[in-house]
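Welcome, and please bring your viewer to the front. We will go from the whole chain down to single residues, one selection at a time.

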Amino acid sequence: MPSPTDPLTAQFRKAQRHLVARDPVLDKIVRAVGACTLRPATEPFRVLVRSIVSQLISTKAAVTIYARLEAAAGPEGVGPASLLALGEERIRAVGLSGAKARAVLDLSARALSGELALDHFPEMSDDEVAAHLVAVRGIGVWTAEMFLIFCLGRLDVLPVGDLGLRAGVQEHYELPDLPDKASLRERGELWRPYRSVATWYFWRSRGAVPQSKS
(Lines give C-alpha, C1' and ligand atoms only; values in the text may rest on other atoms or scores of the structure.)
Protein backbone atom coordinates (compact mmCIF):
# COMPACT_ATOMS: atom_id res chain seq x y z
CA MET A 1 0.00 0.00 0.00
CA PRO A 2 1.64 3.28 -1.07
CA SER A 3 2.26 5.84 1.63
CA PRO A 4 -0.09 8.84 1.55
CA THR A 5 3.01 11.04 1.63
CA ASP A 6 4.93 9.47 -1.25
CA PRO A 7 5.47 11.77 -4.28
CA LEU A 8 3.38 9.69 -6.68
CA THR A 9 0.37 9.66 -4.36
CA ALA A 10 0.64 13.44 -3.98
CA GLN A 11 0.86 13.79 -7.75
CA PHE A 12 -2.27 11.69 -8.26
CA ARG A 13 -4.16 13.72 -5.67
CA LYS A 14 -3.23 16.87 -7.58
CA ALA A 15 -4.41 15.22 -10.81
CA GLN A 16 -7.69 14.18 -9.20
CA ARG A 17 -8.36 17.70 -7.96
CA HIS A 18 -7.67 19.06 -11.43
CA LEU A 19 -9.94 16.54 -13.17
CA VAL A 20 -12.91 16.93 -10.83
CA ALA A 21 -12.66 20.72 -11.09
CA ARG A 22 -12.56 20.68 -14.89
CA ASP A 23 -15.05 17.95 -15.75
CA PRO A 24 -18.30 17.13 -13.88
CA VAL A 25 -18.39 13.68 -15.48
CA LEU A 26 -14.96 12.81 -14.15
CA ASP A 27 -15.96 14.27 -10.80
CA LYS A 28 -18.62 11.54 -10.53
CA ILE A 29 -16.22 8.83 -11.72
CA VAL A 30 -13.45 9.84 -9.31
CA ARG A 31 -15.92 9.85 -6.40
CA ALA A 32 -17.13 6.38 -7.36
CA VAL A 33 -13.72 4.83 -8.04
CA GLY A 34 -11.66 6.49 -5.32
CA ALA A 35 -7.92 7.12 -5.30
CA CYS A 36 -5.84 6.38 -8.39
CA THR A 37 -3.74 3.27 -7.76
CA LEU A 38 -1.74 3.34 -10.98
CA ARG A 39 1.90 2.43 -10.29
CA PRO A 40 4.62 2.25 -12.95
CA ALA A 41 6.20 -1.14 -13.64
CA THR A 42 9.91 -1.56 -13.03
CA GLU A 43 11.08 -3.97 -15.76
CA PRO A 44 10.61 -2.23 -19.13
CA PHE A 45 11.96 -5.04 -21.31
CA ARG A 46 9.67 -7.61 -19.74
CA VAL A 47 6.71 -5.24 -20.01
CA LEU A 48 7.32 -5.01 -23.77
CA VAL A 49 7.68 -8.77 -24.15
CA ARG A 50 4.41 -9.27 -22.25
CA SER A 51 2.76 -6.70 -24.53
CA ILE A 52 3.80 -8.63 -27.63
CA VAL A 53 2.75 -11.97 -26.12
CA SER A 54 -0.65 -10.57 -25.11
CA GLN A 55 -1.69 -9.18 -28.48
CA LEU A 56 -5.03 -10.55 -29.73
CA ILE A 57 -5.28 -13.36 -27.18
CA SER A 58 -7.05 -13.76 -23.85
CA THR A 59 -5.40 -12.71 -20.60
CA LYS A 60 -5.38 -16.33 -19.41
CA ALA A 61 -3.65 -17.54 -22.57
CA ALA A 62 -1.12 -14.72 -22.37
CA VAL A 63 -0.23 -15.57 -18.76
CA THR A 64 0.24 -19.25 -19.67
CA ILE A 65 2.43 -18.52 -22.71
CA TYR A 66 4.55 -15.98 -20.86
CA ALA A 67 5.14 -18.47 -18.05
CA ARG A 68 6.31 -21.04 -20.62
CA LEU A 69 8.60 -18.46 -22.18
CA GLU A 70 10.01 -17.62 -18.77
CA ALA A 71 10.68 -21.29 -18.07
CA ALA A 72 12.33 -21.77 -21.46
CA ALA A 73 14.57 -18.75 -20.87
CA GLY A 74 16.19 -20.53 -17.94
CA PRO A 75 17.85 -19.12 -14.81
CA GLU A 76 18.50 -15.71 -16.41
CA GLY A 77 14.78 -15.20 -16.92
CA VAL A 78 13.23 -13.23 -19.75
CA GLY A 79 15.92 -10.91 -21.07
CA PRO A 80 17.41 -9.92 -24.43
CA ALA A 81 20.31 -12.40 -24.31
CA SER A 82 18.28 -15.36 -23.07
CA LEU A 83 15.57 -14.87 -25.71
CA LEU A 84 18.06 -14.48 -28.53
CA ALA A 85 19.73 -17.68 -27.35
CA LEU A 86 16.40 -19.51 -27.64
CA GLY A 87 15.87 -18.55 -31.27
CA GLU A 88 12.65 -18.43 -33.26
CA GLU A 89 11.85 -22.14 -33.29
CA ARG A 90 12.08 -22.60 -29.51
CA ILE A 91 10.14 -19.40 -28.87
CA ARG A 92 7.39 -20.58 -31.18
CA ALA A 93 7.34 -23.89 -29.29
CA VAL A 94 6.02 -22.14 -26.16
CA GLY A 95 2.93 -21.02 -28.07
CA LEU A 96 3.86 -17.82 -29.86
CA SER A 97 3.04 -17.31 -33.52
CA GLY A 98 5.88 -16.85 -36.00
CA ALA A 99 5.14 -13.12 -36.20
CA LYS A 100 5.23 -12.73 -32.41
CA ALA A 101 8.40 -14.79 -32.11
CA ARG A 102 10.12 -12.58 -34.69
CA ALA A 103 8.85 -9.49 -32.86
CA VAL A 104 10.30 -10.75 -29.56
CA LEU A 105 13.63 -11.45 -31.27
CA ASP A 106 13.71 -8.04 -32.94
CA LEU A 107 12.99 -6.38 -29.59
CA SER A 108 15.73 -8.46 -27.95
CA ALA A 109 18.31 -7.68 -30.63
CA ARG A 110 17.63 -3.95 -30.46
CA ALA A 111 17.74 -3.95 -26.65
CA LEU A 112 20.98 -5.95 -26.51
CA SER A 113 22.74 -3.80 -29.11
CA GLY A 114 21.68 -0.58 -27.38
CA GLU A 115 19.69 0.58 -30.40
CA LEU A 116 16.63 0.48 -28.13
CA ALA A 117 18.11 2.33 -25.17
CA LEU A 118 15.50 1.46 -22.53
CA ASP A 119 17.60 2.95 -19.74
CA HIS A 120 17.45 6.35 -21.44
CA PHE A 121 13.70 6.37 -21.97
CA PRO A 122 12.97 8.29 -18.72
CA GLU A 123 14.96 11.23 -20.11
CA MET A 124 13.11 11.26 -23.46
CA SER A 125 9.87 12.96 -24.44
CA ASP A 126 6.73 10.89 -25.03
CA ASP A 127 7.10 11.32 -28.79
CA GLU A 128 10.74 10.24 -28.73
CA VAL A 129 9.96 7.10 -26.73
CA ALA A 130 7.04 6.23 -29.01
CA ALA A 131 9.20 6.68 -32.13
CA HIS A 132 11.81 4.26 -30.76
CA LEU A 133 9.18 1.70 -29.82
CA VAL A 134 7.15 1.66 -33.03
CA ALA A 135 10.36 0.98 -34.96
CA VAL A 136 10.38 -2.46 -33.31
CA ARG A 137 8.63 -5.23 -35.22
CA GLY A 138 5.22 -5.98 -33.69
CA ILE A 139 4.97 -2.81 -31.58
CA GLY A 140 2.42 -0.24 -32.65
CA VAL A 141 1.16 3.07 -31.37
CA TRP A 142 -1.23 1.55 -28.79
CA THR A 143 1.52 -0.59 -27.24
CA ALA A 144 3.81 2.43 -27.10
CA GLU A 145 1.10 4.45 -25.35
CA MET A 146 0.50 1.68 -22.82
CA PHE A 147 4.24 1.56 -22.15
CA LEU A 148 4.33 5.32 -21.55
CA ILE A 149 1.49 5.07 -19.05
CA PHE A 150 2.21 1.79 -17.28
CA CYS A 151 6.00 1.63 -17.36
CA LEU A 152 7.25 5.22 -17.52
CA GLY A 153 4.36 6.69 -15.52
CA ARG A 154 3.75 9.50 -18.00
CA LEU A 155 0.75 11.52 -16.86
CA ASP A 156 -0.50 13.13 -20.06
CA VAL A 157 -0.99 10.32 -22.59
CA LEU A 158 -4.34 10.03 -24.38
CA PRO A 159 -4.67 6.69 -26.24
CA VAL A 160 -7.41 7.75 -28.65
CA GLY A 161 -7.46 4.35 -30.37
CA ASP A 162 -8.13 2.43 -27.16
CA LEU A 163 -11.55 0.78 -27.21
CA GLY A 164 -11.92 0.77 -23.42
CA LEU A 165 -11.39 4.52 -23.20
CA ARG A 166 -13.75 5.20 -26.11
CA ALA A 167 -16.44 2.94 -24.61
CA GLY A 168 -16.04 4.61 -21.21
CA VAL A 169 -16.42 8.06 -22.71
CA GLN A 170 -19.46 6.97 -24.71
CA GLU A 171 -21.08 5.47 -21.61
CA HIS A 172 -20.41 8.28 -19.16
CA TYR A 173 -21.20 11.14 -21.53
CA GLU A 174 -24.23 9.25 -22.86
CA LEU A 175 -23.12 9.53 -26.48
CA PRO A 176 -25.05 7.70 -29.21
CA ASP A 177 -21.85 6.26 -30.72
CA LEU A 178 -18.24 5.63 -29.82
CA PRO A 179 -16.32 8.92 -30.07
CA ASP A 180 -13.90 9.18 -32.97
CA LYS A 181 -10.27 10.11 -32.44
CA ALA A 182 -10.72 13.79 -33.27
CA SER A 183 -13.63 14.32 -30.89
CA LEU A 184 -11.83 12.37 -28.15
CA ARG A 185 -8.76 14.58 -28.53
CA GLU A 186 -10.97 17.66 -28.34
CA ARG A 187 -12.71 16.41 -25.21
CA GLY A 188 -9.38 15.42 -23.71
CA GLU A 189 -8.14 19.00 -23.78
CA LEU A 190 -10.15 19.47 -20.58
CA TRP A 191 -8.03 16.87 -18.84
CA ARG A 192 -4.54 18.19 -19.67
CA PRO A 193 -1.94 17.73 -18.21
CA TYR A 194 -3.37 14.56 -16.64
CA ARG A 195 -4.91 12.72 -19.58
CA SER A 196 -3.33 9.40 -18.53
CA VAL A 197 -5.03 9.67 -15.14
CA ALA A 198 -8.36 10.56 -16.76
CA THR A 199 -7.96 7.55 -19.07
CA TRP A 200 -7.22 5.28 -16.09
CA TYR A 201 -10.43 6.46 -14.41
CA PHE A 202 -12.50 5.67 -17.49
CA TRP A 203 -10.92 2.21 -17.67
CA ARG A 204 -11.39 1.62 -13.96
CA SER A 205 -15.01 2.79 -14.03
CA ARG A 206 -15.74 -0.10 -16.37
CA GLY A 207 -13.91 -2.59 -14.13
CA ALA A 208 -10.78 -3.20 -16.20
CA VAL A 209 -7.34 -1.80 -16.82
CA PRO A 210 -5.75 -3.13 -20.03
CA GLN A 211 -2.24 -3.96 -18.90
CA SER A 212 -0.82 -5.42 -15.71
CA LYS A 213 2.55 -4.75 -14.18
CA SER A 214 5.60 -6.80 -14.99
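What percentage of the 214 residues in the protein chain do buried residues make up? They make up 45%. Keep in mind as you look around that this is a predicted model.

**The whole chain.** Start with a cartoon view. You should find 11 helices and zero strands, so the pattern along the sequence reads α-α-α-α-α-α-α-α-α-α-α. The radius of gyration is 18 Å, close to the 17 Å that the globule rule gives for 214 residues, so the chain is as compact as a globular protein of that length. Along its principal axes, the C-alpha trace spans about 55 × 40 × 30 Å. If you plot a contact map, counting contacts with a separation of 6 or more, 64% of them join residues 24 or more positions apart.

**Helix α3.** Next, select residues 44-54, which form helix α3. Its buried residues are Phe45, Val47, Leu48, Val49, Ser51, Ile52 and Val53. Now show what covers them: the list includes α4 (59-73), α5 (80-93), α6 (98-113), α7 (126-134) and α8 (141-150). Just past the helix, pick Leu56, which follows α3 and has a positive phi, near 65°.

**A buried arginine.** Move to helix α6 and click on Arg110. Is Arg110 buried or exposed? Its relative accessibility is 18%, and because the cut-off for buried is under 20%, Arg110 counts as buried. Leaving out residues up to four places away in sequence, Arg110 touches Glu115, Leu116, Ala135 and Val136.

**The nonpolar core.** Select Val49, Leu133, Trp191 and Val197 together. Of the 63 residues in the largest nonpolar core, these four touch the most other members. You have already met Val49 among the buried residues of α3. Stay with Trp191 and display its surroundings: neighbours within four places in sequence aside, Trp191 is in contact with His18, Leu19, Asp23, Leu26, Leu158, Val169, Tyr173, Ala198 and Phe202.

**Where α9 meets α11.** Two of those partners, Val169 and Phe202, lead to the last stop. Select α9 (residues 163-172) and α11 (residues 195-205), whose axes come within 8 Å and cross at roughly 75°. That makes α9 roughly perpendicular to α11. On the α9 side, show Gly164, Leu165, Gly168, Val169 and His172; they meet Thr199, Phe202, Trp203 and Ser205 in α11. Colour this contact by residue type, and you will see four nonpolar, five polar and no charged residues.

Terms used:
Residues numbered from 1 in each chain as written. Predicted model: local features only at pLDDT ≥ 70, side-chain atom pairs only at ≥ 80, totals over all residues. Heavy atoms only, no water. Axes fitted to C-alpha atoms, helices over the stretch in contact; angles between N-to-C directions. Helix = DSSP H or I, 4+ residues; strand = E, 2+ residues; numbered from the N terminus. Parallel < 35°, antiparallel > 145°, perpendicular 65-115°, else oblique. Contact = heavy atoms within 4.5 Å. Nonpolar A, V, L, I, M, F, W, Y, C, P; charged D, E, K, R; others polar. Core = buried A, V, L, I, M, F, W, Y, C linked by side-chain atoms within 4.5 Å. Buried < 20%, exposed > 50% of the residue type's maximum accessible area, 1.4 Å probe, protein only. Rg over C-alpha atoms; globule rule 2.2 N^0.38 Å.
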